[in-house]
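Here are my notes on this one, set out as numbered points. Have a look at the model first, then read on.

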Amino acid sequence: MPTERRRHSITETEEIARALDDAARRWPGDRGRRSRLLLRLVQAGHEAIGGEREDDAARRREAISRTSGALTGAYPEEYLSRLRDDWAE
């Protein structure tokens, strides 16, 4: 089918074949359509890494909340101002 979009070709190595066989068990309705199984694997992988990214961000936000203010009082007042006085302009 004509298209202006990029096309990608993947050689069915042993590893890819195993992934497609596993996908066929997961999505038996597409068992005979390996190209469709490949698309499903790409979609599932994309969803998985998207979820990981959200989980990572949530963990970082939680760590920031948990440690917020932990060093309050550790430095004397005007510490940063005095420190910055030593910086070249």
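1. The model is predicted, and its secondary structure consists of 3 helices and 0 strands. Following the sequence from start to end, you will meet the pattern α-α-α.

2. On overall dimensions, the chain has a radius of gyration of 26 Å, whereas a compact globule of 89 residues would have one near 12 Å. The box filled by the C-alpha atoms points to the extent along each principal axis: roughly 70 × 30 × 25 Å.

3. How much of the chain counts as buried? The figure is 10% of the 89 residues, where buried stands for under 20% relative accessible area. As for the accessible surface, the total is about 8400 Å², and carbon and sulfur atoms account for 51% of that.

4. You may like the charge tally for your own set-up. The chain carries 18 positive and 18 negative charges, and the mean positions of these two groups lie 10 Å apart.

5. Which residues form the largest nonpolar core? There are 5 of them: Leu20, Ala23, Ala24, Trp27 and Leu37. Helix H1, covering residues 14–26, gives the most to this core, with 3 residues.

6. Leu37 deserves a look of its own. Leaving aside residues up to four places away in sequence, Leu37 touches Leu20, Ala23, Ala24 and Trp27, along with Asp30 and Arg31. Leu20, Ala23, Ala24 and Trp27 are also members of the largest nonpolar core, as is Leu37.

Note on methods:
Residues numbered from 1 in each chain as written. Predicted model: local features only at pLDDT ≥ 70, side-chain atom pairs only at ≥ 80, totals over all residues. Heavy atoms only, no water. Helix = DSSP H or I, 4+ residues; strand = E, 2+ residues; numbered from the N terminus. Rg over C-alpha atoms; globule rule 2.2 N^0.38 Å. Buried < 20%, exposed > 50% of the residue type's maximum accessible area, 1.4 Å probe, protein only. Areas by Shrake-Rupley, 256 points an atom, 1.4 Å probe, with all protein chains shown as cover. Lys, Arg positive; Asp, Glu negative; His and termini not counted. Charge placed at Lys NZ, Arg CZ, Asp CG, Glu CD. Core = buried A, V, L, I, M, F, W, Y, C linked by side-chain atoms within 4.5 Å. Contact = heavy atoms within 4.5 Å.
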